[in-house]
Amino acid sequence: TIDRVSTRFPVIPAKLGRVPAGISRRRSRIVVTGGAGFVGSHLVDKLIKRGDDVIVIDNFFTGRKENLVHHFGNPRFELIRHDVVEPILLEVDQIYHLACPASPVHYKYNPVKTIISLSMGTLNMLGLAKRIGARFLLTSTSEVYGDPLEHPQKETYWGNVNPIGERSCYDEGKRTAETLAMDYHRGAGVEVRIARIFNTYGPRMCLDDGRVVSNFVAQAIRKQPLTVYGDGKQTRSFQYVSDLVDGLYALMESEHVGPFNLGNPGEFTMLELAEKYPLFGGAHGLVGLGFKVVLSLNLSMGWEEQKQPLANTFGLSNWTLFWIELGASRRERKEFGVAGAGSMVAMPGMLVVKETIDSSATIEFRPNTADDPHMRKPDISKAKELLNWQPKVSLREGLPLMVSDFQNRILNEDEGKGF
Ligand code: NAD
Ligand code: UDP
Ligand code: UDP
């Protein structure tokens, strides 16, 4: 039977691709909605590298052509300016559906547009998937768990979401998108995949998108105070973008519908993020009884300014710091650069710093936003077991990779070249 929409959009048989002689694996034609954004553009890089044909659909609300410019001219790459709220006709094998602003600042900017993008946009992409028999992957979010009452969060947890709050356009929009995906799966036999993504960071994030990692990195580079919202004790788990892209790909290629949590289980308070990882500067081995914590000093701040956040980390108001410097490993030198290595070399052997904390702050506390989740950490056992996936890049390894990208872009900005 031909339904109303199918009359408007003729049914195209699934799997149109032909296998050229001598090639065992058929090249897939893949749509990435939101492919000009942060995560989408890294995903496109992976798919193009694999040899697939990629069509990006993006309305450039938060995405940038610069993220994809290296594929321009490649005949296997196409970029279409299109809003997923409008129907579209395409013939492809797979749809990665990412289109949606992800930063709270962006998705709250026009909340009605956000929820329409998530509902109508997802409906259209599912309608497309149904018509052409394509596999459909939804990039959902850990926000579906709201301010979770279960910790860490498993996929079986139904969440604690405010339906009428400032974040609801995103949280409830993503929950609606998941519902639609499952209804198309059950009702129309669409092959769907659902990923619940936890906080992800890396190169190409928007410089001023308001997310915590991009804010801290940009603030540190611009020598501004790091803005910590609320008391800074709320937690998040931060995943490097290449791990996420590997997870999305593994899920798409798997036989499992999900939902799957994709995130790095390492959990940090916002204060820890601000203090322990101020991103550039000297790396120091703080050695205790058989364990080593690596702290980094932000060279844009003086030592006096460093102490308050350190004291906060350990919950002390008056703190004596004993720094025993053992020198840098090769890896630390590489990661933190000449300045870091220099400061370590300058304090070889043993250095004992004994000071009283003063109140001058390196961190600027700001009121928190409404309904901010108090804690978030993924339980990724399901993805580990069924997708054979787990993150490989720690925050300490991933942040420097992002910092160099931000440094270049901020430098260009300062020089008036823009991006
Ligand atoms: P991003 O803002 O960099 O990318 C989103 C992209 O979607 C942008 O290129 C934007 O222009 C495009 N877009 C937005 N609305 C659109 C519309 N109506 N039509 C067409 N294109 C549209 O964000 P991101 O971090 O790359 O997030 C990508 C996806 O991953 C989003 O669906 C987001 O909800 C999800 N996600 C991301 C994170 C994270 O930490 N980055 C966490 C959870 C979920
Ligand atoms: N749609 C689309 N491209 C297609 C097929 C459908 O954009 O190739 C849109 C269509 O406009 C509709 C939505 O997807 O709004 C859902 O389509 P479906 O056929 O599932 O539902 P119906 O329109 O019959 O309710
Ligand atoms: N946050 C912060 N300073 C900032 C931006 C964000 O302390 O400059 C906090 C925010 O209150 C939240 C956490 O960092 O608790 C993560 O916020 P983000 O916007 O990155 O993502 P979310 O997980 O809220 O979607």
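## Close-up views of a predicted model

**View 1. Helix 7 lies across four strands of this predicted model.** The strands beneath this heading are strand 4, strand 5, strand 6 (192-197) and strand 11. Relative to strand 6, helix 7 runs at about 160°.

**View 2. Helix 2 and helix 7 meet in a right-handed crossing.** Here we look at residues 38-50, which form helix 2, and residues 241-253, which form helix 7. Their axes come within 10 Å and cross at roughly 65°. On the helix 2 side, the contact is made by Val39, His42, Leu43 and Lys46. Helix 7 brings Val241, Ser242, Leu244, Val245, Leu248 and Tyr249. Sorted by character, the residues of this contact are seven nonpolar, two polar and one charged.

**View 3. Seven parallel strands build an open sheet.** Following the sheet from strand to strand, you will meet the order 3-2-1-4-5-6-11. Strand 3 (77-81) and strand 11 (260-262) stand at the edges with a single partner strand each, so one side of each has no neighbour in the sheet. On average, neighbouring strands are turned by 20° against each other, direction ignored.

**View 4. Strand 1 pairs with strand 4 in the parallel sense.** Strand 1 covers residues 29-33, strand 4 covers residues 94-97, and four bridges join them. To find one place where the two strands match up, start at Val31, whose bridge partner in strand 4 is Ile95.

**View 5. Ligand 1 has 30 residues around it.** Those that come nearest are Gly34, Gly37, Val39, Thr62 and Gly63. Val39 may be familiar from the second view, as it is also part of the contact of helix 2 with helix 7. Helix 2 gives the most to this shell, with three residues. At least two residues each are supplied by helix 2, strand 2 (53-58), helix 4 (111-132) and strand 5 (135-141). The shell divides into 14 nonpolar, 14 polar and two charged residues.

**View 6. Ligand 3 has 15 residues around it.** Look for Arg211, Val212, Asn215, Tyr229 and Met270, which come nearest. Helix 6 (212-221) and strand 8 (226-229) are the elements that give two or more residues to this shell. The largest share, three residues, comes from strand 8. Five residues of the shell are nonpolar, seven are polar and three are charged.

**View 7. The whole protein chain holds twelve helices and 15 strands.** Stepping back from the close-ups, 42% of its 419 residues count as buried. Among contacts between residues at least 6 apart in sequence, 77% join residues at least 24 apart.

Terms used: Residues are numbered from 1 along each chain as its sequence is written. Chains are lettered from A and ligands numbered from 1 in the order in which they are written. This is a predicted model: local features need pLDDT of at least 70, side-chain atom pairs count only at pLDDT 80 or more; totals for chains, interfaces and linings use all residues. A residue is near a molecule or strand if its C-beta atom, placed from the backbone, lies within 6 Å of it. Ala, Val, Leu, Ile, Met, Phe, Trp, Tyr, Cys and Pro count as nonpolar, Asp, Glu, Lys and Arg as charged, and the others, Gly among them, as polar. A residue is buried if 20 or more other C-beta atoms lie within 10 Å of its own, exposed if 12 or fewer, and partly exposed in between; C-beta atoms are placed from the backbone. Two residues are in contact if their C-beta atoms, placed from the backbone, lie within 7 Å. Axes are lines fitted to C-alpha atoms, for helices over the stretch in contact, and angles run from 0 to 180 degrees between N-to-C directions. A crossing is left-handed if the near helix is turned anticlockwise from the far one by less than a right angle, and right-handed if clockwise. Two strands pair if DSSP finds at least two bridges between them.
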